[in-house]
Amino acid sequence: MTTQQYQVAVIGAGPAGLRAAITAAKAGLTTLLIDDQPAIGGQIYRGLVQNKAAAPAYLGNSYFAGIRLLETFSQFDGVYWSQSTVWQITSDHQIAITRDGRAELVDAEHIIIATGAIERPMPVDGWTLPGVMTVGGAQTLLKQAAVGAEHAVFVGTGPLLYLTAAQYIRAGLPVRAVLDTVGPKAWRAAATHAAMALMQPTMLAKGLSWLATIRRHTQYVAGVKALHISGDDAATAISYNTATGSRHTIDTEHVFLHQGVIPNINLTMATGLDHVWDRVNHCWRPVIDKTGRSSNPAIYIAGDGGGIAGGAAAELSGAVAADAIIRRVKPVGSSPLMVRLGQRLLRWQRGAARPFLDRLYHPDAAFRLPSSNDTIVCRCESVTKRDITAALGDAVTGPNQLKAFCRAGMGRCQGRSCGLIVQEMIANDRQQTMAETGYYRVRPPVKPVTLAELASLDGPWPG
Amino acid sequence: MTEPIRNNWDAIIAGGGLIGLAVGYGLGRRGLSVLVLDEGDTALRAARGNFGLVWVQGKGAYYEPYADWTMRSSQLWPQLADELQAFGAPALGLEQTGGLTICLSEDEMQQRQVKLDHLRAHQNGRFRFEMLDRTALKELVPGIGPKVVGAAYCPHDGHVNPLFLMRALITGIESQGGQFCGNAPMIGVEKTGPDMRVSTAAGLFSCSRLVLAAGLANAKLAPMVGLAQSLRPQKGQVIVTEKLDQQLTLPTLLLRQTAEGGLMIGDSHEDDTTDISVSTDIISGIADRALATLPALADVSVVRSWAALRVMSQDGYPIYDQSEAMPGAFALSCHSGVTLAAAHAFDLAGYIADACLGVELNGFSEGRFHV
Amino acid sequence: MFRPITQQPDQPIKIQFESQTIRAGHGDTVAAALLRAGILQFRYATAQDPRGPFCMMGTCFDCLVEIDGKPNRQACQTIVRDGMLVRRQLAPIAEKPDTGSGS
């Protein structure tokens, strides 16, 4: 049962999706914006709609810079469906969506997927204990509900780790410690890219100020190893080795983990788009051209979902993708010069400070893989490192064989939490590259859908 | 890729699916050294697209050899399960306490009855079944929906975890000293004296028994040993739900609850396609029928889906052939790799070890299509 | 313990978690409301394997709770409603599924 038809459907209301939808609608294309949250903003501007009134200072300027985008969106005259979950894009680019307890199909001539990024899995011993969350999760709680934990330990690496710890401190939440998995050696290696990085002084200045706040207000330890979170019904402590080898334990009920973000590829993979293993950033990303067009000419990817580049680049890439579609639909009257400028600016933004940051925050193998045999790897199915090791063997040529043998990857999250871990365990076992090893075959529904919702699509009984 | 440990094997199996693995395990039981050649992780693999039924009712209703062969395998299954469990593989979860074919109309009931009556007639009392009306069915499945008219119950039916079966067979083969070589499909074969030499990306290997069990790829491999297998793909789609408390004590043809608690729900029969993507209208229809069967499942979430290509012969029955041009070479295919696993492991492997298919399998030659 | 940043957050909404009444603000997710009330264990993957919210963005599926009789709802993706009835999501099968290593 098809409902409406649109010239452009945008999936995801973060900066990329918002700018894409605004751009397309402004050019007169019939536009639908679909997002699963109750308010726009995606991850980076989560809660901004309700926060702009209360404006807590601890969230910082870059967050509130998003208000400009929200205000532009208030002029959007396309259709906006909030609390709507996309669970499939069919081969003839119909979009299957669940909203209000019903499933429906939407016909779109062009689709812009702007579903952003997710946290890179960090399988620390004890990471499934209640009280352990991702740093992104802790930040979302702060933004959306003004809720935080006292005496939490932040562990890992990456700009989001330092930003959130700084926001916590500024919000008056005492932070017990920040344990940095990147050591002094990595800082020096990254400094070789410092010249390029200095072309983006604000990004680096921000990072240095967060670090200064952290060092002033809490214990900061660099180069930690051998992490272990202990507890029974909930986390009670985290232990670590320092760079010089001495072991310490910190009592805490809250551990926040982070080691960077990776493109959220479940929808793009389930849609059958081409992907490539990005060796530098150690993640999968969809194959796209400079406008964001994927291997399916009707589908574009904008934002971090096409490759991690941050909020500003995301917004620009949304405009670039929408522009490309506008030029296809209405070739006369578009401005190729502006479009080329947009693409060039995007390339520069992606290029400048990223190599420095990518080098600096490239997660070490020790933190990408589980160390103890009891560590759960597949959270959904409670599959441990021991279970996976027992299943590995000559017949496990890749993650799909492994999935069949021990259920890793069969749960609701469809590999978002375990996919990269499993892929690397197999690559190591078979002594092959990550690219050769491949990934789980991701299939719809990309998010769970109930039988009643599915049946409400009124398909014919197959027989 | 793994380097095979040696070049000479008693038996080489082309195809690491359920047929190849069951026969490979059986040959290992007979003392033969076995090498299994398989494709890579994302190959078509009908074996990973199996519903898991060990199903007797209806099979061979209009073709006696198939009814006999199916019943035989069903009776041997407990022995296969016991042997494989002894190697320490995860629990296969074999249950053979009966199965149901749910009917949503009087027409369906009648058609089913006619078919099963026919099957019973030529099985000399060996095959038992019962048509259950709503009242009788409600005792077995209390949550049955108002649209359900009844069901055909067969005490011989059952189910098993098909993926753990695959893993267990591989464990069995490896415990017997056999080897599994992935990313090394068979490329060609030539006769070398009484033996055969098989070429693959991993090198050349010789054997005195060559078993072609490569699913749809058998159509391409069989002519290499002077045989033919006319096979066509038939797509089936399945949805899988989150884990639940026990909803069903018996498997049904289109809906079964796994040992872990998830419901597997099928299916479809789509010809003329090799596209294994999942289609919204088909899975919507599957969900529809599931809710007609068990309405209480309305708020249960579907967490994944998959599609696979059944390996279908012209009449849907197995094809087992031995080569005359290359004695010792066999080509095998069927679409019921789980139900027939026991017959494959014990009887069929035995014939292959003896280099001669038994007369009971005459009805499964490709030649039956050229009469 | 999670706590609100402001001293007197506006919490006109009341939801029920098991036997507890919990206050929440407009637009709060069920996850935020429960965490603020000191609840960390939202579900039991197996009897020995408690879980709580991990990603807060709908990708980890560890915050599953039963809401108004419907099972396995993501608490971080559901906005509170006055009178909502929330219960822990217990594993349907108490034992860890057999994944073949004897562990």
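In the predicted model, strand β9 of chain A, which covers residues 147–149, pairs with β1(C) in the antiparallel sense, and the pairing runs over three bridges. Within this pairing, A:G148 stands opposite C:R3 of β1(C).

The strand pairing belongs to an interface between chain C and chain A. Here 40 residues of chain C are in contact with 57 residues of chain A. The area buried between chain C and chain A comes to about 3900 Å², and carbon and sulfur atoms account for 56% of this area. On the side of chain C, C:F2, C:I5 and C:F54 contribute 19% of the area that the chain buries against chain A, which is more than any other three residues supply.

Polar and charged groups also meet across the interface. In total, 16 residue pairs, both members at pLDDT 80 or more, are found in polar contact between chain C and chain A. Several elements of chain C each supply at least two residues of the side that touches chain A: the strands β1 (2–4), β4 (43–46), β5 (49–51) and β7 (70–74), together with the helix α1 (30–36). By residue class, the side of chain C that touches chain A consists of 20 nonpolar, 11 polar and nine charged residues.

Two salt bridges are found across the interface of chain C and chain A. In one salt bridge between the chains, the side chain of A:R379 meets that of C:D62, with a distance of 2.6 Å from N to O. This N to O distance of 2.6 Å lies within the 4 Å limit for a salt bridge.

Notes
Residues are numbered from 1 along each chain as its sequence is written. Chains are lettered from A and ligands numbered from 1 in the order in which they are written. This is a predicted model: local features need pLDDT of at least 70, side-chain atom pairs count only at pLDDT 80 or more; totals for chains, interfaces and linings use all residues. Side-chain values use heavy atoms; hydrogens and water are left out. Contact means heavy atoms within 4.5 Å. Buried area is the accessible area (1.4 Å probe) that two parts lose on being put together, summed over both. A polar contact is a pair of N or O atoms within 3.5 Å; within protein, one must be able to donate a hydrogen and the other to accept it, and residues adjacent in sequence count only if both atoms are side-chain atoms. Helices (H or I, at least four residues) and strands (E, at least two) are DSSP runs, numbered from the N terminus. Ala, Val, Leu, Ile, Met, Phe, Trp, Tyr, Cys and Pro count as nonpolar, Asp, Glu, Lys and Arg as charged, and the others, Gly among them, as polar. Two strands pair if DSSP finds at least two bridges between them.
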